[in-house]
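Hi,

Here is the structure I said I would pass on. Have a look at it first, and my notes follow underneath.

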Amino acid sequence: QGGFHPDDVFRGRPVWHIHLQGGGYCVDEESCLSPSHGKAITSSALWPETLRKGGVFARGPGATPQLRYAAHAFVAYCSSDSWLGNSTVKWSNGESWHFRGAQIIASAISVLLDRGMREA
């Protein structure tokens with residue numbers, strides 16, 4: 001299951017910053033099941049309930065001037081498909097993997113539009 005961490009306040013924000021987290025991807029069973037591929041980019045199970053980030057997400061003094069008052073959303077990466085997938089694959093070990101990056105982005109954008117991005 002994909003997800004994202006939105007700001008608390010969206011309405012009335014003229015600037016929107018949507019960050020798509022980067023991560024590795026895999027192209028076949030061997031690369032997907034490789035230990036180097038890791039659980040952090042293949043599942044949302046280890047994600048924290050809330051997320052506070054600095055840098056381009058910071059507010060107030062010292063924040064990036066263009067983004068200081070922006071609405072921020074961090075879309076976490078777990079689909080291993082470079083945000084392009086829309087399929088399910090069953091591996092020889094019986095595991096099924098869901099590559100749903102495209103749907104994750106579409107759902108996140110839909111929620112953000114409903115939370116005020118449409119009026120920006």
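**What I found: strand E3 and its surroundings**

Strand E3 has both faces covered: Ala 71, Ala 73 and Val 75 are buried on one side, and His 72 and Phe 74 are buried on the other. That split fits a general pattern, because side chains in a regular strand alternate between the two faces of the sheet. With 5 of its 5 residues buried, E3 is largely enclosed by the rest of the structure. Do keep in mind that this is a predicted model.

E3 has a parallel partner in strand E2 (residues 16–20), and 5 bridges join the two. One of the pairings to click on is Trp 16, whose bridge partner in E3 is Ala 71.

Now for the histidine. His 72 sits in E3, which spans residues 71–75. Why does His 72 count as buried? Its relative accessibility is 2%, and the cut-off for buried is under 20%. The side chain of His 72 still has polar company: it makes a polar contact of 2.8 Å with the side chain of His 17. The His 72 side chain also reaches the backbone oxygen of Leu 67, at 3.2 Å.

On the other aromatic residue of that face, there is a ring pair to look at. The structure holds 5 aromatic pairs. Among them is Phe 57 with Phe 74, arranged edge-to-face at 6.0 Å centre to centre, with 70° between the planes. This pair links distant parts of the chain: Phe 57 is in the loop between helix H1 (29–33) and E3, while Phe 74 is in E3 itself, 17 residues apart. Both Phe 57 and Phe 74 are buried.

Trp 97 and Phe 99 make another aromatic pair, this one tilted, with 6.1 Å centre to centre and 45° between the planes. Trp 97 and Phe 99 are both buried. Together with Trp 91, they form one aromatic cluster.

Last, the cysteines. How many disulfides does the structure hold? There is 1, and it joins Cys 26 to Cys 32, with the sulfurs 1.9 Å apart. The link is right-handed, with 85° about the S-S bond, and both Cys 26 and Cys 32 are buried. Cys 78 is in no disulfide, and the nearest cysteine sulfur, that of Cys 26, is 12 Å away. Cys 78 is buried too, because its relative accessible area is 9% and buried means under 20%.

Cheers

Definitions and conventions:
Residues numbered from 1 in each chain as written. Predicted model: local features only at pLDDT ≥ 70, side-chain atom pairs only at ≥ 80, totals over all residues. Heavy atoms only, no water. Helix = DSSP H or I, 4+ residues; strand = E, 2+ residues; numbered from the N terminus. Buried < 20%, exposed > 50% of the residue type's maximum accessible area, 1.4 Å probe, protein only. Polar contact = N/O pair within 3.5 Å; in protein donor to acceptor, adjacent residues only side chain to side chain. Pairing = 2+ DSSP bridges. Disulfide = S-S within 2.5 Å. Phe/Tyr/Trp six-rings, centres within 6.5 Å; stacked < 30°, edge-to-face > 60°.
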